[in-house]
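Student: I have a chain open on the screen and would like to learn how to read it. Can we go through it feature by feature?

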Amino acid sequence: DNTIDISLLVELISSNSENKYSALINLKSLSDDNRVIVREDLSERALNHFPFVFDKCYPIYPKPAMESGDTIHTVSRKRLYTYSNNAHLERIIELAIQRNIPFFTFNQATKRPNPELSDLDKSRIAPIVDITTMIRAALSNNAHILYFAEQLIDMLSNTIFIVQQDSGDDVLQNLPLYFESHADIITLYPELGIEKVSATEEIRLRRITDYNAVQLEEFFEFFSVNLIGHGEFKDRFLRAVRNFSKLNRIKEEKILSIFLLGGSGLGKTEVARIIKNYLNAETSLAKINFGNYSSHDALNSLIGSPAGYVGCESGELGVKLQKSKAGVIVCDEFEKTTRPVFNFFLELLEDGSFTDSLTREYDLDGYIIVFTSNLKTAEEFYRVIPPELQSRLDLICEFKPLSLREKGTFVDFQLRKYIEKLSDEFAKYEITPEIIEELSNVDYHNNDNLRDIKRIIEQKVIEFLNV
């Protein structure tokens, strides 16, 4: 005398037909005193999937019965709690750590053994499970995820489920037998003081996709002036930005990925710094040196250790993104990292977002990611970088040493910048053409490393001002 809802089962089989046989066996084993129900829009699919089990569909609640005021009794449902954004989630995680409350993402919870989950559900302190990524994945043509979500929710009756506010209604609509309403989590934990973090949200992130056609032309001029040499790359890069701006607007491409290879000190990292300075000169550059990411736990260092590990943190990438308000990331010496990190960026370039170990989601829609490498030739690049990641990169370019004329332009450009930045100190002197010529007298004929050349100019300027 049970009523069994097979709506999610039908959706699962529609996208994963290999589950059909086991479902058929289970349904045929039901006795006649069980009633099977399905969401109305899935009824025809249910008949098609199981023609030897069901021959017809009937409305479970005829209109006259509903109009007569009959009460429909359902299973006991839970309240869902919502938070507004990543800053609010950060406060929730801090509270969980302070109170020793177990905290999981949906993905982390599903990977725990059933006995362990059962013990967790019986514990004195109710765990917190964030199902934001689950519901978003389910709505992105992965409806079968809801089927497994039901199993988890069934197993964790003594659990506080939370979701980001903009997904709250989606959960109620897709899991109506488990959640009856949602409320702000501050009603459960008033001490969170979520309103205190709102001031940090006033600092707006600036991305290249925020600019109109006229502003993009201004960016192109700024970029061309500030990056000395590399004419071929400039042309390809500007075309790539124009294309990306259009494709991002129609949601066909989320991240612009650039891979630059060549010897050290040729200006590869400077590309990201110039982009950052145009977007937001006052903020820091989100830069990660992957020369430090060659160990077996490199991915943990990048996005944080899994829940339960001692010293579980969000990872360097999340920390750098929170500090920077410019939509650009530079990944230096990328060729030195590990396969799991390669796979992580493969997914990131595809999805446009990632979730760290503390379930904070980072949306990188509209970002530019600049990968740099000291690999000197295309042959080395194709040998070291996995083929599947190669195919996800939008622009691959080899940086070559500047010509003598370009290096001379670089020296003049850097000297003008120092004179401008140190204008108060230089105001004490009469800057004659002879002084400019002396300060720019740098022997760069046998030196292709722009960092070394810049350091020589810097030293000459400091010595001149200290005389």
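Student: How many of the chain's residues count as buried?

Tutor: This is a predicted model, and in it 44% of the 467 residues of the chain count as buried. The chain exposes about 25500 Å², and carbon and sulfur atoms supply 48% of that area.

Student: How many helices and strands are there in the chain?

Tutor: The chain has 22 helices and 14 strands. As for contacts between residues with a separation of 6 or more, 77% of them join residues 24 or more positions apart.

Student: How do I read a sheet?

Tutor: Start with the pairing. Strands of a sheet pair through backbone hydrogen bonds, and the pairing is either parallel or antiparallel. Here, one open sheet of five strands has parallel pairing and the order β4-β5-β6-β3-β7.

Student: Why is one side of β4 and of β7 left without a neighbour in the sheet?

Tutor: Strands β4 (103-105) and β7 (179-184) stand at the edges with a single partner strand each, so one side of each has no neighbour in the sheet. Neighbouring strands of this sheet are turned by 30 degrees against each other on average, direction ignored.

Student: Which strands are joined to β6 by bridges?

Tutor: Strand β3 (residues 78-83) runs parallel to β6 (residues 160-164), and three bridges join the two. Three bridges also join β5 to β6, again in parallel. To see the pairs on screen, find Thr 82, which stands opposite Val 163 in β6. Then find Tyr 83, whose bridge partner in β6 is Gln 164. From β5, Val 129 stands opposite Phe 161.

Student: What should I know about the two faces of a strand?

Tutor: In a regular strand the side chains alternate between the two faces of the sheet. In β6, Ile 160, Ile 162 and Gln 164 are on one side, while Phe 161 and Val 163 are on the other.

Student: Are those residues of β6 buried or exposed?

Tutor: They are all buried, and both faces of β6 are covered. Counted along the strand, five of its five residues are buried.

Student: Which helices lie across β6?

Tutor: Helix α5 (residues 86-98) lies across β3, β4, β5 (128-130) and β6, and runs at about 140 degrees to β4. Helix α8 lies across β3, β5 and β6, running at about 60 degrees to β6.

Student: How do I read the packing of two helices?

Tutor: Look at the angle, the distance between the axes, and the residues in contact. Helix α8 (residues 132-139) packs with helix α9 (residues 144-155) at an angle of about 145 degrees, and their axes are 8 Å apart. On the α8 side the contact is made by Met 134, Ile 135, Ala 137 and Ala 138; on the α9 side, by Ile 145, Leu 146 and Ala 149. Sorted by class, this contact has seven nonpolar residues, no polar ones and no charged ones.

Student: What is the strand order in the open sheet that contains β9?

Tutor: That open sheet has five strands in the order β9-β10-β13-β8-β14, with parallel pairing. Its edge strands, β9 (286-289) and β14 (395-398), each pair on one side only. The twist from one strand to the next averages 15 degrees.

Student: How many bridges join β10 to β13?

Tutor: Four bridges join β10 (residues 328-332) to β13 (residues 368-373), and the two strands run parallel. One pair to look for is Ile 329 with its bridge partner in β13, Ile 369. Helix α15 (residues 316-323) lies across β9 and β10, at about 155 degrees to β9.

Student: How do I read a single residue in a loop, and where is Arg 99 found?

Tutor: Ask about its place, its exposure and its contacts. Arg 99 is in the loop between α5 and β4. With a relative accessible area of 40%, Arg 99 is partly exposed. Leaving aside neighbours within four places in sequence, Arg 99 is in contact with Ile 125, Tyr 189 and Glu 191. Arg 99 and Ile 125 are 26 residues apart along the chain, and their C-alpha atoms are separated by 9.2 Å.

Student: What about the cysteines?

Tutor: A disulfide is a covalent bond between the sulfur atoms of two cysteines. The count here comes to zero disulfides. Cys 331 is buried, with a relative accessible area of 1%, and Cys 57 counts as partly exposed at 35% relative accessibility.

Key: Residues are numbered from 1 along each chain as its sequence is written. This is a predicted model: local features need pLDDT of at least 70, side-chain atom pairs count only at pLDDT 80 or more; totals for chains, interfaces and linings use all residues. Side-chain values use heavy atoms; hydrogens and water are left out. Axes are lines fitted to C-alpha atoms, for helices over the stretch in contact, and angles run from 0 to 180 degrees between N-to-C directions. Contact means heavy atoms within 4.5 Å. Ala, Val, Leu, Ile, Met, Phe, Trp, Tyr, Cys and Pro count as nonpolar, Asp, Glu, Lys and Arg as charged, and the others, Gly among them, as polar. Two strands pair if DSSP finds at least two bridges between them. Buried means under 20% relative accessible area, exposed over 50%, partly exposed in between (1.4 Å probe, protein chains only). A disulfide is a pair of cysteine sulfur atoms within 2.5 Å. Accessible areas come from the Shrake-Rupley method with a 1.4 Å probe; for residues, only the protein chains shown count as cover.
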